[in-house]
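Me: I'd like a close look at one part of this protein, and I'm new to reading structures. Here is the one I mean.

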Amino acid sequence: MTPSENRADVPGGDTAEKPRAPEESASAQPSDVAEQAAADSSSTPVTGERAPPKEAGEEPAGPSEEDPAALKEQLLRVLAEQQNFRRRLERERDDAVRFAATQLIKDLLQTADNLSRALQSVPPGLPDKNEALRNLLAGVAASERALQDTFEKHGIRRIEPALGEPFDPNQHQAMFEVENSQCEPGTIAQKVLPGYAYHERLIRPAFVGVATQSSRQPA
């Protein structure tokens, strides 16, 4: 008997090489899986970051509940600023109309002062001896009185402090101190020029001398 015949008669000799087929199919299977994955990945679009999974019952994000309140507060603030701006403009307009003649009044104060000085400079009793001078002083006095009446008609008040009146820094301006005065210290001892106020606004304070205690010590 030949060796080939002996192999044919041995049981299981024909199936010795058959297990190789499963190995070949197993080695070929990963490549098929890779190709299938590549095909799937090429068909799936890439969106960059992956969206987080939504939980069950989660509602879509909407505007915050605080936004309407913040917008309302901002709107109220803008309306308040506009109202304040409008009121300030109205107040400035009213002041501009009310105090429109301020500069004119300041220019006329010197004329009023000169008329008052002219009347005060005449010695007592002299007009009685000179009729022409008496008539002249009467005309100056009438002009000074008419000017003061015009001032009063347009809301201009004359500030004429009295002797012994307490010194008021809001209406008076101290020009000097007066010692050995019969007035109490801190009061007005001498008048220099009257002051003027236009409505509630001070145009010029009254120039005065203020009484003070004597610096001399009693012997």
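At the start of helix 6, which backbone nitrogen does a side-chain oxygen of Asn130 reach to? Please take me along the helix from there.

Reply: Sure, and keep in mind that this is a predicted model. The partner is Ala132: at the start of helix 6, a side-chain oxygen of Asn130 comes to within 3.0 Å of the backbone nitrogen of that residue.

From there, helix 6 runs through residues 131–153. It has 23 residues, and its first and last C-alpha atoms are 33 Å apart, close to the 33 Å expected at 1.5 Å a residue. Just past the end of helix 6, Gly155 has a positive phi of about 80°.

Now for the side that's tucked away. Leu137, Val140, Glu144, Leu147, Gln148 and Phe151 are the buried residues of helix 6. Here's a handy rule for that list: an α-helix has 3.6 residues a turn, so residues three or four places apart point the same way.

What covers those buried residues? Helix 4, helix 5 (126–129), strand 1 and strand 4 are among the elements that do.

Some of them also join something bigger: Val140, Leu147 and Phe151 belong to the largest nonpolar core, which has 12 residues in all. Helix 4, helix 6 and strand 4 each give two or more residues to this core, and helix 4 gives the most, with 4. For one link between the two helices, look at Leu109, a buried residue of helix 4: Leu109 touches Phe151, as well as Tyr196, Ile203 and Arg204.

How values were computed: Residues numbered from 1 in each chain as written. Predicted model: local features only at pLDDT ≥ 70, side-chain atom pairs only at ≥ 80, totals over all residues. Heavy atoms only, no water. Core = buried A, V, L, I, M, F, W, Y, C linked by side-chain atoms within 4.5 Å. Buried < 20%, exposed > 50% of the residue type's maximum accessible area, 1.4 Å probe, protein only. Contact = heavy atoms within 4.5 Å. Expected span 1.5 Å × (residues − 1). Polar contact = N/O pair within 3.5 Å; in protein donor to acceptor, adjacent residues only side chain to side chain.
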